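Colleague: I would like a close look at a single part of this model. Please keep it brisk.

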Amino acid sequence: MSETIKQKIERARKAFDEISDYTQEQVDKLIYEAGKIIYKNAAKLAEMAVNETGLGDVNEKILKNEETGAVFWEYLKDKKSVGIINPEPDEDGLIKVAHPVGVIAAITPATNPTITPLGNFMQALKGKNAMIVSPAPRAQKTSYESCMLIREALVANGAPADLLQCLEDVTIQKSQELMAECDLVVATGSMGLTKAAYSSGTPAYGVGPGNTPVILDRGYDKKAAAEMSVESIAGDNGMLCDGDNLLLYPEDEEAETFAAFREAGIAIFEDKADIDKFRTTIFGEDGELRSGLVGKHAYKIADAAGISLPKDATIIGLKLDAIGKADILCKEIMSPVVILKSYDTFENAVAMATQNMVECGGVGHTAGLFTNDMDHILYAAERIPVSRVIVNQPSPNAWGPANNGLAPAVSEGCGTWGNNIISENVNYTHMLNISRVALPLDVEVPTPAEVFADK
């Protein structure tokens, strides 16, 4: 182990020990202040992130920097996570006691260099854990500055700064050493990163890549669907892992669907020559996603393809005849581009949504529905292999805002479909050890003969 990693681990464990007797109230105060200081510096950090990484949109990042801490705090503030959770036995006769994990390694992406460290730290601290962030090399200045601000807030409230640390001059070796020496890993990023976390020898939560299909059902309000789709696709210039990548619409409602989408700011291309230009521009002749266009504005992508884009268009819509492995455009693009494909029956739409994820990536992550039919909701939920089905909302609501029941998270588990250990949003409960005190129950236990008696 390098001296740098060794020192950071030692400092983290010392800080962890120093707050061992903190009360729930003391812990929650620190969580609140961590969110608040990022909120107060939202604009500065957003500008820094875009300047450093070249990814995303400043205004969108300001919004994320402001909202994340607030939503996390509102969710976490009333949750019991220190000591005895329920002093009275619950209905199963269990008393639960919370214990911290220790030192957590957080591997964070370039796409969200502020909110991923913030969100994971707020959840880790909820259980009285220390955290060391290993940022993406492309975003390490922004992540480092975000962590330094939170450290200031900790010190201002009498807590040790080393409850949160951030690696500098990040290398693969340093990240691997950190993951091996910590008590838990939360890895947010590529499949390769997830595999590295799982092979570190340390318990790990990894998350899989997105490639979200969304189905527009017959009869649903096209204007509302278009507005929510624009929010999903254009969000942070298309870098949201749970944003729409494929939109399936009824073939007999194409005219009104396209009219609503164009009105909302989506430039739809149907000509095969134009679509060919976008295909080779986005993925290149070798079929590899061109990183230089990831997270860029739609007009820059159109310019690179030699195509004129309407001035009021914020999204590029490409109508395809086939999806899945038949067209490379069905892979995750991570830009304000959406693939449009018609369907004849709802069952066919569900089959295509599933096919596209299985063949082109994103299986286990998120799917979206715009529908007024509960039977269709249940039909899709039983068949599409995803951990989250987002109904009549922008699909990035998979992160768990206040207006749905999902736990707020900056890391979204994708289940075994996505090679992850959990199929839910990574939240504070995953950063705790829980002791369960089992008391005897006053119940009558049937004998084996009674259980297996012929009916």
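Which residue in β12 is the bridge partner of leucine 318?

Modeller: Isoleucine 339 is the bridge partner of leucine 318 in β12. First, the ground rules. This is a predicted model, where local features need pLDDT of at least 70, side-chain atom pairs count only at pLDDT 80 or more, and totals for chains, interfaces and linings use all residues. Residues are numbered from 1 along each chain as its sequence is written, and side-chain values use heavy atoms, without hydrogens and water.

Now β11, a strand (a DSSP run of E, at least two residues, numbered from the N terminus). β11 spans residues 315-319. Of its 5 residues, 4 are buried (under 20% relative accessible area, 1.4 Å probe, protein chains only).

β11 pairs (at least two DSSP bridges between two strands) with β12, residues 337-343, in parallel over 4 bridges. β10, residues 266-269, also pairs with β11 in the parallel sense, again over 4 bridges. There, isoleucine 266 stands opposite isoleucine 315.

The wider setting is an open sheet of 7 strands with parallel pairing, ordered β10-β11-β12-β9-β8-β13-β14. β10 and β14 (386-391) are at the edges with a single partner strand each, so one side of each has no neighbour in the sheet. From one strand to the next, the twist averages 25 degrees (axes fitted to C-alpha atoms, angles from 0 to 180 degrees between N-to-C directions).

Methods. Buried < 20%, exposed > 50% of the residue type's maximum accessible area, 1.4 Å probe, protein only.
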